[in-house]
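Me: I have a structure open and would like to understand the labels people put on it. Could you take me through a few?

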Amino acid sequence: MTSFLSRRRFELLALALAAASCALHVWVERTPVVGLAAGSDEDAPLLIRGIHLLEGKATDLQFLLRGTRTPSDKVLVVEVDETSAQAHGRWPWPRDTVALAVARLQDAGAAAVGLDIIFTDEAREEDTRVWAQALSALDRTLAESPELAPKLEGYRAELSARGASSRDESLAAVLAGSPGVVQGVMVYTDKEREQFAPREAEWAALLEPHLLRRFPGTAPGAFFEVEAASVPGWRNRSAQLPLPELARASRRLGHFSAAMDPDGILRRLPVFAKLEEPGGFLPSLSVQTAAAALNAEVEPVFDPDSGHLAGARLRSAGGVQRFVPIPLAEPFTLINYPGPGIAFDRLSIADVLKEKFDSEALKKRVKGRAVLVGITLLGNYDQRVTPFKEFEPGVYAHAAFLSNILSEDYLTRPEGLISLELLFMVGAAVLLARLLPRVRYTWKLGTVALLAAAWLTVDQVLFVRGIQVATVVPMLSLFTSSFGVLFLGYRTVDQEKSRLRHTFQHYLDASVMEQVLEHPERLKLGGERKELTVLFSDIRGFTPLSERMSPEGLVTFINQYLTPMTGVVFAHGGTLDKYIGDAIMCFWGAPVDQPDHALRACRAALGFLDKLQELKVRWRAAGLPEVDIGVGINTGPMNVGHMGTESRFNYTVMGDAVNLASRLEGLNKEYGTRVLISEGTYLQVKEHVIARRLGAVRVKGKQEPGALYELRAMGRATGTDAEAIRLFEEGVDRFISRDWETAQVLFRRTLELWPEDVPSLRYAEAAAAFRMLPPGPDWDGVFTATTK
């Protein structure tokens, strides 16, 4: 059993994390984003609220990625805008002005007119009182002068008519004669009851004919025997109505209250508001306006299996015209915003109210369309935050939902979708558990990124088609499973490394240990043949120095030298082979492949010289002797691997190419240089370094000569350096061709550019000596080293 659990530890961990994510997902789905009771202080747990918040932000981003689309051409927004305010004064306007606008919209053939406006206060009758006062004054005058009565009879009749008229009555008359007009009302909560309590009973009586308490079945005439009070909904105390005469005149009422998400963004609307006084369901303004446009009645759709409302049917005499879905988890339907407010066809109400308006032109804009009248004035209190805009008049949200209904373009979450989301989370977890421990690091990240991209792509494609797929929890599950598998994998690797370290720490060098831990399969004798670059470095005059220093001081001195030099090796990606007294041996290109191994070695050599200058300053201040170093570098084929015996071995390099680097380091004393590189190294780095050819050399133990170069700096030679190198190398060629006089001249010219250049000085002296006593005929110009 233990062996099975160990072999399947990745799968078991991934499944456990996926199961936790699935449970969280179900919890999130069953928790409403907006509370069921309007104005309630009961909040969902912090974790759930955080996920809802992130999911909302993801939805906003999906809207922006989708972009603006054309709303239903059956929707028209008539705005009380800035132009209207300039023409008719500050809002609110006289009721007869509103009545005129509504009447003209009806006469122009509007299929429905939804008023995102509520008239709760009696109209100011200042003008009426003025006419009445004028009539009273006229009657007093006529009483004193009855002979004037016949002449002023027409004037008195006009004053009497104007003094007796009511602007509220004019609007009520228009509403009563316009069955396609929907009067907006505003629901209120228990917390707000106190301010509305005096009129609550009156409003309850007016609401009675508009509330829905019965739930029709699919068969005509059939109803579910369910009490409305037992059906969950968006609970409110009651609704604030317009003036009684206006409420009685309105055939349809619809609430325009909205329920914002916790982050303050309006993403969903309640299709029905559940009122407690009197009990029943009141449709929203958008639903009622759509029903009026379709000449239909609104029916709540009850789901007997869940006991919730599943939607609203708009049923006309000819059958069901539309179905408005409601999620079972909450009584709010997502708004599938076509775009910001400017996406809608809009008409200023000032154009409707013009004294000389073009009725035919208005009819072309209005006929057969569902009209929403709302206030879009700047500074209007009815401002909402939507996915497309930070501040947007609320009428546009209702227009967006009305467009959804008329075009049947909803943003829904089918019930079976959660099963697919759970399946993805479990399937992705198993796939990650199988793949991640078995692929390279880059493929690990690529696999996770590919799965995330696939899900997000499907998410966006379905979103464009009106299906909202969960984003946050599936992504959370994916990344949690990935992290868990990766963490367990790295923990397993660390445990294996710890066991190897404990096992081999007594007979493997620490510098090799990490390589062994990275590739334990290489823990065997033997190696491979590769082209590498090897570097040897040694202190000049170390033997006399050691004789003058105490053993303790010598150890401190060497440690001060080796520590920064080793840091240079590691800084350039080198592998430290060993210390040989004061000498350093290191190489590049193994165990990690480094295509630029020769260039790295050259940079390290020059780094040695820079560090040495810093050390000289410290040694000088401490009264210690100053020393110099010599460096030899060679690039070529060599054997690299674990060399030694079965009980003790080192990770090192061997071969003629390694020996040549060691010989080059020693040749610095002969040439008076500090860094010498072989022809093999030079050919790989010549485009990146400043170096000069010193001639050919035959090192001890080899018969074949090779070209020798001095490494001076990184970069390309220019100016004085370029000219000095040209003169020197031409001098070497003349020297080899036995043109001693010309060679001597060239070397002295080089010394003029580089004073105290030891190789030029030695070549000049050799040329002068050969002029006096030329070498024999077997002289080939190659320097033969007699020491190591």
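Reply: Happy to! Strands here are DSSP runs of E with at least two residues, and helices are runs of H or I with at least four, numbered from the N terminus. By that numbering, P278 lies in the loop between strand 10 (272-276) and strand 11 (279-283). Please keep in mind that this is a predicted model.

Me: What kind of peptide bond joins E277 and P278?

Reply: That bond is cis, with omega about -10 degrees. Another cis bond runs from W91 to P92, with omega near 10 degrees, and P92 sits in the loop between helix 4 (82-88) and helix 5 (95-107).

Me: Why is helix 2 called roughly perpendicular to helix 3?

Reply: The axes of helix 2 (residues 9-30) and helix 3 (residues 46-66) cross at roughly 80 degrees and come within 10 Å. Angles of 65 to 115 degrees count as roughly perpendicular, so helix 2 earns that label against helix 3. L24, W27 and V28 of helix 2 make the contact with L47, I48, I51 and H52 of helix 3.

Me: Why does V430 count as partly exposed?

Reply: V430, in helix 15 (residues 417-435), has 31% relative accessibility. Buried means under 20% and exposed means over 50%, so V430 falls in between and is partly exposed. Together with L15 and V426, V430 makes a nonpolar surface patch of about 180 Å².

Me: And what makes E408 partly exposed?

Reply: Its relative accessible area is 49%, and exposed would need over 50%, so E408 is partly exposed. E408 also has a positive phi of about 50 degrees although it is not a glycine.

Notes
Residues are numbered from 1 along each chain as its sequence is written. This is a predicted model: local features need pLDDT of at least 70, side-chain atom pairs count only at pLDDT 80 or more; totals for chains, interfaces and linings use all residues. Side-chain values use heavy atoms; hydrogens and water are left out. Patches are made of residues with over 30% relative accessible area and no salt bridge: like charges are joined within 9 Å, nonpolar side chains (Val, Leu, Ile, Met, Phe, Trp, Tyr) within 5 Å. Accessible areas come from the Shrake-Rupley method with a 1.4 Å probe; for residues, only the protein chains shown count as cover. A salt bridge is a side-chain nitrogen of Lys or Arg within 4 Å of a carboxyl oxygen of Asp or Glu. Buried means under 20% relative accessible area, exposed over 50%, partly exposed in between (1.4 Å probe, protein chains only). Axes are lines fitted to C-alpha atoms, for helices over the stretch in contact, and angles run from 0 to 180 degrees between N-to-C directions. Angles under 35 degrees count as roughly parallel, over 145 as roughly antiparallel, 65 to 115 as roughly perpendicular and the rest as oblique. Contact means heavy atoms within 4.5 Å.
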